[in-house]
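Hello,

Here is the structure you were going to look at. My notes on it follow below.

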Amino acid sequence: MNASLQTPPRNLKVKQNLKPTVRMAGPEVGVLLEDCLRSVTAEASIEDTDRQKYCSLRDSLCAELASLLQEAMEMRWPFVPEKWQYKQSICTDDKTNLSDLISQHLPQLLNVLKASIVAQEAHAALAVIFLVDRFLYWTDESSRLLEVAKLLHKRYPVAPVAPQLVIRRARVYLNSGKLQKAEYILSHLIISSGATGYWVYGSESDRALVQAVSLQVRGMVLQKLGLWLEAALLVWASLVGYYALPQPDKKGIGTSLGILANILVSMNDEDFSAFKANPDIDLSLLGDASHRLLSAAKAAKMAVVYSQYTSLYVLTNATAQGTCLLSYSFSVACPPTLRKPFLLQAKKAFEIGLLTKADGEVVTSKQELHTFIKAAYSLVVTHKWLSGSSEAVKHATQACQEALAHFYRYCHPHTQERGGSCVEIMRLIAQVKLELQVEPFVNSDDRSFIPDSYRNISDTLVGFTMEVFSKLLQRFQKYHASLCGTTEAKCKAGKEEEDGARMCMTALGTTVDAFNTECMTDACKPSKEDAPRPPDSGSVDGLSSSWQKLSLKSSRFPRLGSSGGYSGRSAAGPENVGSATFLKSERPDTSLCSSRGSDKFEVIEAEIPTVDSDVADDDRGPEDGAPQSLSQLILRSSSLSNSFGSKSSGENISAGSRSRTAGTRQSSKSSETSGSFFLMRTQDSETSDPECDPTSEWEFLGIPKRVDTPNVAIPEECSSTEFSTQDSHGVPEEVTVDLESLNPWCHSCLKHNAFACVAPEGKYSLSQEDYKSLLAGVCHECLLKRLQSNKRKFQLDRYSTAHSALHLKFSKATGLWTARETCAYIGQLMNLHGTHRSAIWVQFLHQEERLSSYVGKDYRKPTQIQFHLRDVERQMTAQYYVTEFNKRLYDKEVMAQMFFLPSEVLLILEGDEIAGCITVEPYMLGQFVKLTNNKEKKNNKLPATEYGLAFGHFTYLHSNCQEVVVDLQGWVTASGKGLTYLTDPQIHSTRTSRGPNFVHSGITSFLRDQHGPECNSVCQLLNLKPVPKQ
């Protein structure tokens, strides 16, 4: 844009929107929240002076805050509204944000909170928490606030808890990987019309609003799981709810449109066709629906306009719009003559996002910092395609990589000078804007963050009514009722009442006893070589690495003190922690075989009957063990506990007399996260693979603090994963492409396989044509042919570094791999190693959930790229099958759903050369268990195993008797109902004959030994055709 264009005084506007007290959102806010926590846990006594102090502080609030506080106490709204949120005609005074008001008076409000707690004014205290909740969430200080709310509710069970706080807990669970708990909270709110204990709604439309928000957040859960179609349907239902309110909720509409845009970008074309064909969907709202990426771009642009007075939302949605346009410019559907115009539109969108903050302005929100870096890097990529790799592009790329490295350190719990990291990140963002000559845009409204050219979007007339919304809710009624049916409706915070309207949905009494089973394997028997067990150590099952089920109780969160260090309270008293230490032991310390009962949950946590045995609330941290960043995560258990003991897809080592488990449970000091780590190693048995290290062991990161660990033992008969006699890591088979079955969506197939025609010496150097093919999408066969090599092997050799990368997703429905250019930070090794793979903390700019954490998996020995690709292809194939299986369960009103975590590939680049390859997937917290192995073993002690065997039976029939999914492992509910999340499956298939696939013998073994000749109750309920006798 021409620099001579006259622009409005944006600097003045930015100053008006500054949040001056954000600078104290670390130490000072931490100290005040600590004071509140101490007050709420102190002995309940009150004096006249306490009451007088509370009244004095309350009366000192400015008129606007006093009015908001009174309305909050009167339960006038379920969510604190922005002035512009429900108004069609907006005046200048309405173009402000509540965050500005809260930030200016945050210390004063927190002092009122403390005084109200001491004066035993619980209703007022919860109202203050309600007001400051959103602001503290965006500044990453939500955990302790929710802890205060939880303890207040426990002490004063009849004090009303706002729906906003209940849903905040679900968001925290979503971010931390506790998806089961998030789903239960959201489903309860949907099915019960928003009932949250003693909260009283002023109108039915307020209930509908809570249901709409719950649908929206649940859509984000399914988005994280890679279930794009299901997520899109839920988010669309939330859109209908927002539009159908007496005064449409513009903030809610904008948020759902932005989420929908991101979902459509990731969705495959087949799912988009199904989405459009759904009778409940009317995409005329988005204008041209000829291509999903154009629909996504329109949704994101509408979201920008709806949220134009809030900088964070404009940044988020403008970045989403640019991503949609950038992706479309490389799609097969985009005419070559229109590629540049779409790239220019993408460039403009990224610039709008970057201009939401002035140079030097303070930003402390993790989400905002992450999105700024993503917008900056995406702008760099756009410039590269518009004008080539100039020096400015190279310098800007380097600045983005440095910014991501600072962001990773900012998220680390031991980083004391977070403020310095924030300043450095925003300095680097300013450098990118300078290098790429980002100029201000014409904006006639100094309170808005969007250019005038965006205001030409007029509201599309939609016929969304409450009746339409009610019908959509009815569509989801059965599923959400089934989830709620797996919980016990009790509030353990106080008196239990059977009236659902009075029930405290924040507790639900959903915890059931963990499985108390005996461990009978040799691995569980004490050895003379084992050291004595620590007096207060818990227990874990002593089976092989395939069967580690790790569940740690969290001590109370350490707090960020005013000095910048961490001062914490815990059940065992305060501790001091220095820098993280990675421990390695030559011999296990204990043999752990005993079992523990279940723990209890309560308050602001819809607890679930999971095998996951978390610590009781009285011993938990503010976020119930929910980590907030990559480095704060707790290795309770995850896909790591099995999948890294695998070669080329998670082959698992059988337990024998030589296998042992041992652990010393330890905790670390960290801000806003559970503090538990522990050290565990198991000695794996030998495999037939010559590359295996038979003595390789699991190693867990540890920082000392013991916590109890309940035992969930797996029976001996289900203790191993078998191996094919073939070398699964040997020379790959020749990949051929059948010309008669070319993929009509594949860019390479459409170009007559030009993508795969590369000389061997240039196989891993990517040309512009390679990038275009990958960005447009290539089929699995073409990608394997292009990247497969029998000689060149890869292994990461540098950690704690940022790289440019290609983020590859695979869709089984279309058979396509689609890439996006991104920047990835390869963090530290987790000190968690299996026989074949290691775990790494990873953060990348295009991950589905910005606030969630991801785990990378790399082979411990140099490995060809095709093995990573096949790992992902296998898991996403299993996800494709399980989606169809879930539909059958749903149709039969079965109270269970199974999901496979989405797995993706990162190609690490040095310039245009592929330098490494890892797979990535979302990090999950919870108890990791195994249902079946890949041959005849099964865990009959877990009710979820019945569903797993029925799923295997289903895949056999659904694949025309050619495939069966086995080796089921992940996170389950104790009842076997509700939600099960799985990872690292195996597939026996007659369509291929490599790796851990036993082909016909594997299918026969499943049918004969695991499933057996008789169908179980789930198979019968689904009317599955009986398996043939073997």
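Helix 27 (residues 944–958) is largely enclosed by the rest of the structure, because twelve of its 15 residues are buried. This comes from a predicted model, so please read the values below as computed from its atoms. The buried residues of helix 27 are Ala-944, Thr-945, Tyr-947, Gly-948, Leu-949, Ala-950, Phe-951, Gly-952, His-953, Phe-954, Thr-955 and Tyr-956. The length of helix 27 also checks out: at 1.5 Å a residue, its 15 residues should span 21 Å, and the end C-alpha atoms are 21 Å apart, which agrees. Just after helix 27, Asn-960 has a positive phi of about 60 degrees.

One neighbour of helix 27 is helix 26 (residues 865–891), which packs against it at an angle of about 105 degrees, with the axes 10 Å apart. Angles of 65 to 115 degrees count as roughly perpendicular, and the two helices are therefore roughly perpendicular to each other. On the helix 26 side, the contact is made by Ala-878, Tyr-881, Val-882, Glu-884, Phe-885, Arg-888 and Leu-889. Helix 27 contributes Tyr-947, Ala-950, Phe-951, Phe-954, Thr-955 and His-958. Of these, Tyr-947, Ala-950, Phe-951, Phe-954 and Thr-955 are among the buried residues listed above.

Next, the strands. Strand 12 (residues 913–922) has eight of its ten residues buried, so it too is largely enclosed by the rest of the structure. Strand 12 pairs with strand 11 (residues 904–910) in the antiparallel sense over seven bridges. In that pairing, Glu-910 stands opposite Glu-913 of strand 12. Strands 11 and 12 form a hairpin with two residues between the strands, and Gly-911 in this hairpin takes a positive phi near 70 degrees. Strand 12 also pairs with strand 9 (residues 854–859), again antiparallel, over four bridges. There, Val-920 of strand 12 is the bridge partner of Gly-856.

Strand 17 (residues 986–989) is covered on both faces. Gln-986 and His-988 are buried on one side, and Ile-987 and Ser-989 are buried on the other. Strand 17 pairs with strand 14 (residues 963–966) in the antiparallel sense over four bridges. Gln-986 of strand 17 is the bridge partner of Val-966.

Further towards the start of the chain there is a second helix pair to look at. The axes of helix 11 (residues 204–224) and helix 13 (residues 250–266) come within 11 Å and cross at roughly 15 degrees. Angles under 35 degrees count as roughly parallel, which makes helix 11 roughly parallel to helix 13. The crossing of helix 11 and helix 13 is left-handed. Helix 11 makes the contact through Gln-216, Met-220 and Gln-223, and helix 13 through Gly-252, Thr-255, Ser-256, Ile-259, Asn-262 and Ile-263.

Helix 16 (residues 311–329) holds two residues that I looked at one by one. Ala-320 lies in this helix and is buried, with a relative accessible area of 4%. Leaving out residues up to four places away in sequence, Ala-320 touches Asn-262 and Ala-300. Asn-262 is also one of the helix 13 residues in the contact with helix 11. Ala-320 and Lys-374 are 54 residues apart in sequence, and their C-alpha atoms are 9.9 Å apart in space.

The other residue is Asn-317, also in helix 16. Asn-317 is buried, with a relative accessible area of 6%. With the same exclusion of residues up to four places away, Asn-317 touches Gly-254, Gly-258, Ala-300, Ala-303, Val-304 and Ser-307. Ala-300 therefore turns up for both residues: Asn-317 touches Ala-300, and Ala-320 touches Ala-300.Leu-434 is a contrasting case. Leu-434 lies in helix 20 (residues 418–435) and counts as exposed, at 69% relative accessibility. The C-alpha atoms of Leu-434 and Ala-396, 38 residues apart along the chain, are separated by 8.9 Å.

Finally, the totals. The chain has 29 helices and 17 strands. Of its 1030 residues, 66% count as buried. Among contacts with a separation of 6 or more, 77% come from residues 24 or more positions apart.

Regards

Note on methods. Residues are numbered from 1 along each chain as its sequence is written. This is a predicted model: local features need pLDDT of at least 70, side-chain atom pairs count only at pLDDT 80 or more; totals for chains, interfaces and linings use all residues. Side-chain values use heavy atoms; hydrogens and water are left out. Buried means under 20% relative accessible area, exposed over 50%, partly exposed in between (1.4 Å probe, protein chains only). Two strands pair if DSSP finds at least two bridges between them. The expected span of a helix is 1.5 Å times one less than its number of residues. Axes are lines fitted to C-alpha atoms, for helices over the stretch in contact, and angles run from 0 to 180 degrees between N-to-C directions. Angles under 35 degrees count as roughly parallel, over 145 as roughly antiparallel, 65 to 115 as roughly perpendicular and the rest as oblique. A crossing is left-handed if the near helix is turned anticlockwise from the far one by less than a right angle, and right-handed if clockwise. Contact means heavy atoms within 4.5 Å.
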